[in-house]
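Trainee: I've never read a model like this before. Please take me through it one feature at a time.

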Number of protein chains: 2
Amino acid sequence: MPKETFYNLSDVKKNKILDAAIDEFAENDYHQANVTGVIEKSGIASGSFYQYFDGKKDLYKYLIGIILKRKLKYLNKEVMNSPEQLNFFDLLRQLYKGGIQFAEENPRLVAIGNNFINSKSKVCIDIREKQKPMSNQYFEKLIKYAIKKGDVKKDIDPAFTAKFLTSVNYALSDFIYAEEGLKENTMVIIDDLINIIESGLKK
Amino acid sequence: MPKETFYNLSDVKKNKILDAAIDEFAENDYHQANVTGVIEKSGIASGSFYQYFDGKKDLYKYLIGIILKRKLKYLNKEVMNSPEQLNFFDLLRQLYKGGIQFAEENPRLVAIGNNFINSKSKVCIDIREKQKPMSNQYFEKLIKYAIKKGDVKKDIDPAFTAKFLTSVNYALSDFIYAEEGLKENTMVIIDDLINIIESGLKK
DNA sequence: TAGTCACATGAAGCTGAATTCACATTCATG
DNA sequence: CATGAATGTGAATTCAGCTTCATGTGACTA
């Protein structure tokens, strides 16, 4: 976590630093991202950096936390409010759309997030361990519940299907992130996608 | 590319080095993998390493080349032989099964490959640039052809669908790689998966 | 004015990993 | 054996990044 000094900074300066950090980690994986890069981009002195953060790892953990929180907000909107009354596939649609909206509005954060998820760096593995309950296991629960409820057919492997859905979700975000010019298309693609998945999974 | 001296080595020694390298790069991403690790695991002197390779990057490029070649062999078996006469979904099934078989028989190579695909390291991006025609674009071609042929419905986005299929393929390999004990289940899962995809994509 | 506090600064130091290099050893050949 | 070309070796060097530290600055208080 950042030190008190960081929080005491003016919002302008705080944002300049955060912005620089987001740039640096969006463009590079954890190892390739340099504290030096953040320092140069934000225009602070190297010494100052260590007055605000315990070091590179500290900054990175902080960033990941921010990203998670911000992404959750997008999902919350539609899903968390209407917990288990929604049809599984409508829920999925909402989840994906939330994810996409997040990706569209925060491409740099998605870049960092994708990297974080796939990285074999100790730091990333460490952080992920502490938040396993999220994502994959969340999907798995949803699926098991959907089977019980009768939305989804019985003869599928919940663990694999969870992985499958998560992975497709990432592919989606990635796709949106890579191809800039398809804002209108996007939601159509998602609907198609869910239809594909639905026709394969429903009872 | 390795230097002449490497090729002159006895097969035993060559393999010891390759094995060590595969271990090191399977356990760590490009930046975290150390030449020192390879040196220690293979029991050669650090100086010798530089007599065989131009350095870390050189070794890595060589490894990736080996992996690609080896994976292609698995796909070739069923697909390349019967090029465009197969129904798209049968072809897909063969591709996935080839991928899975490769993953089952070469888990360490899959680990390196996954890392390679996702990495933002300059070296990886560099290598990928040089082989773009593969994978994604290969799928895209297949899909366009399948649409023309009438196997696949018209109103899908080929680029996205290609990304989708590639990503699912990776999820599959990942899944197999992570969960050791499901050899018998595996092919069933793939069939289910293809059925899901087929019911969503076919005309 | 002097004292103190919070923050700023960048040169200097530290660290770990890649690479080099001077010397040692092996081995085929005459 | 003698020779030298190829190969092996690991301590020393280099280098890039992270981190520390001694010192500077300005604002507020007594």
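Mentor: Let's start with one atom pair: a backbone N or O atom of B:V35 sits 3.2 Å from a phosphate oxygen of DNA strand C. That's a polar contact, a pair of N or O atoms within 3.5 Å (within protein, one must be able to donate a hydrogen and the other to accept it, and residues adjacent in sequence count only if both atoms are side-chain atoms). Keep in mind that this is a predicted model: local features need pLDDT of at least 70, side-chain atom pairs count only at pLDDT 80 or more, and totals for chains, interfaces and linings use all residues. Residues are numbered from 1 along each chain as its sequence is written, chains are lettered from A and ligands numbered from 1 in the order in which they are written, and side-chain values use heavy atoms, with hydrogens and water left out.

Trainee: How far is a polar side-chain atom of B:Y50 from a phosphate oxygen of DNA strand C?

Mentor: For B:Y50 the distance is 3.0 Å. From the other chain, an N or O atom in the side chain of A:N8 is 2.8 Å from a phosphate oxygen of strand C.

Trainee: Which elements give two or more residues to the surface near DNA strand C?

Mentor: They are α1 (4-8) and α4 of chain A, plus α3 (35-42) and α4 of chain B. These labels come from DSSP runs numbered from the N terminus: helices are H or I with at least four residues, strands are E with at least two. The top contributor is α4(A), with five residues.

Trainee: How many residues surround DNA strand C?

Mentor: There are 18, and the closest are A:N8, A:K13, A:G47, A:S48 and A:Y52. A residue is near a strand if one of its heavy atoms lies within 4 Å of it. On the DNA side, sugar and phosphate make up 62% of the strand C atoms that come within 4 Å of the protein. By class, this surface has five nonpolar, 11 polar and two charged residues. Here Ala, Val, Leu, Ile, Met, Phe, Trp, Tyr, Cys and Pro count as nonpolar, Asp, Glu, Lys and Arg as charged, and the others, Gly among them, as polar.

Trainee: And which residues are closest to DNA strand D?

Mentor: Those are A:V35, A:Y50, B:G47, B:S48 and B:Y52, out of 18 that surround strand D. Sugar and phosphate account for 61% of the strand D atoms within 4 Å of the protein. Here α4(B) gives the most, again five residues. Look for phosphate oxygens of strand D: a backbone N or O atom of A:V35 is 3.0 Å from one, and a polar side-chain atom of B:N8 is 3.2 Å from one.

Trainee: How do I compare the two chains?

Mentor: Superpose them by least squares on the C-alpha atoms of residues with pLDDT of at least 70 in both. Chain B then lies on chain A with an RMSD of 0.1 Å, after a turn of 179° and a shift of 0.0 Å along the axis. The copies are therefore related as by a two-fold rotation axis. The same surface serves both: 100% of the contact residues of chain B recur in chain A, where contact means heavy atoms within 4.5 Å.

Trainee: How many helices and strands does chain A have?

Mentor: Chain A has 11 helices and zero strands. Buried residues make up 48% of its 203 residues; buried means under 20% relative accessible area, exposed over 50%, partly exposed in between (1.4 Å probe, protein chains only).

Trainee: Is A:I66 buried or exposed?

Mentor: A:I66, in helix α5 (residues 56-80) of chain A, counts as buried because its relative accessible area is 19%. Its C-alpha atom is 9.3 Å from that of A:L109, although the two are 43 residues apart along the chain. A:N34 sits in the loop between α2 (11-27) and α3 of chain A, and at 41% relative accessibility it is partly exposed.

Trainee: How do I check a helix's length?

Mentor: The expected span is 1.5 Å times one less than the number of residues. Helix α6 (residues 88-105) of chain A has 18 residues and reaches 26 Å from first C-alpha to last, close to the expected 26 Å. Where α6(A) starts, a side-chain oxygen of A:N87 comes within 2.7 Å of the backbone nitrogen of A:F89. An α-helix has 3.6 residues a turn, so residues three or four places apart point the same way. Buried residues of α6(A) include A:F88, A:L92, A:L95 and A:G99.
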